[in-house]
Amino acid sequence: MHVMLDLETLGTKPGCAIVSIGACVFDVDGVHDKFYRAINVTKKFGLQPLALDPGTVSWWMGQSPEARAVFSDPERVSTYDAILDFKNWWITQAPLNLHVAEFLWCHGATFDAPILEAVYNAIDDVPPFKFYNVRDTRTLYALADVYPDRAKGTHHNALDDAVGQAEAVIKSYEVLGRSL
């Protein structure tokens, strides 16, 4: 089993504020269980305030109203609650609470996983995934010449992006004649 993770953030480096977390479990049979949390970035978190990058904040202003809706989502939770919910969701994906998901996929191995890992470190906790099992979709997509269908769902909605990226990983493996 594999998990696709997508974060929407207000920066591009570990320590930046996370706007939302989207994830899904997937395998050769498709996308299965999904996780989504919108985050209230105004709530205090951890040992220091999370960073806002002015360029990223400006970039958000140019995104679709549907993507920007995350900032007014009435179900937003604190960063702390969101990452604990994610960890609990990850654990419940496995029978008897054993980690079934071996690989964590990200659209760029140097973005989502390190940012999420920094948040776990800020509360003196460990992420539910192993750093050596993080996989990069961009490399796989380039090898298979397959890319996510951004016309499905809302681009820059963390869950919609995670699902689209997982579907593209499945397709990439098919094109390459490999099994997940």
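**Strands, cores and aromatic rings**

Leu-104 stands opposite Val-134 in strand β5. This pair of residues is a convenient place to enter the structure, which is a predicted model. The two residues belong to a longer partnership: β4 (residues 103-106) and β5 (residues 134-136) run in the parallel sense and are paired over three bridges. Strand β4 also has a partner in β1 (residues 2-9), again in the parallel sense, here over four bridges. In that second pairing, His-2 is the residue found opposite Phe-103 of β4. Between β4 and β5 comes helix α4 (residues 112-122), and together these three elements make a β-α-β unit that is right-handed.

What of the two faces of β4? Both are covered. Phe-103 and Trp-105 are buried on one side, while Leu-104 and Cys-106 are buried on the other. It is helpful to recall here that nonpolar side chains tend to be buried together in soluble globular proteins.

Leu-104 reappears in the largest nonpolar core, a group of 26 residues. Ile-21, Phe-86, Leu-104 and Leu-116 are the members with the most contacts inside this core. At least two of its residues come from each of β1, β2 (18-27), α3 (79-92), β4 and α4. Leu-116 gives a good view of how separate stretches of sequence meet: setting aside neighbours within four places in sequence, this residue is in contact with Leu-5, Leu-7, Ile-18, Ile-21, Ile-83, Phe-86 and Phe-129. Another core, of 17 residues, lies apart from the one just described, and includes Leu-140, Leu-159, Ala-166 and Tyr-173.

The aromatic rings add a further layer to this picture, with ten aromatic pairs in the structure. A pair of rings is described by the distance of the centres and the angle of the planes. For Phe-35 and Phe-86, these values are 5.5 Å centre to centre and 70° between the planes, an edge-to-face pair. The two residues are 51 residues apart, and their pair links distant parts of the chain, with Phe-35 in strand β3 (residues 30-38) and Phe-86 in helix α3.

Are these two rings buried or exposed? Phe-35 has a relative accessible area of 2% and is therefore buried, and Phe-86, with a value of 0%, is buried as well. The pair is also part of a wider group, since one aromatic cluster is formed by Phe-35, Phe-86, Trp-89, Trp-90 and Phe-129. Phe-86 thus appears both in this cluster and among the residues with the most contacts inside the largest nonpolar core.

Conventions: Residues numbered from 1 in each chain as written. Predicted model: local features only at pLDDT ≥ 70, side-chain atom pairs only at ≥ 80, totals over all residues. Heavy atoms only, no water. Buried < 20%, exposed > 50% of the residue type's maximum accessible area, 1.4 Å probe, protein only. Pairing = 2+ DSSP bridges. Right-handed = clockwise from strand over helix to strand, strands pointing away. Core = buried A, V, L, I, M, F, W, Y, C linked by side-chain atoms within 4.5 Å. Contact = heavy atoms within 4.5 Å. Phe/Tyr/Trp six-rings, centres within 6.5 Å; stacked < 30°, edge-to-face > 60°.
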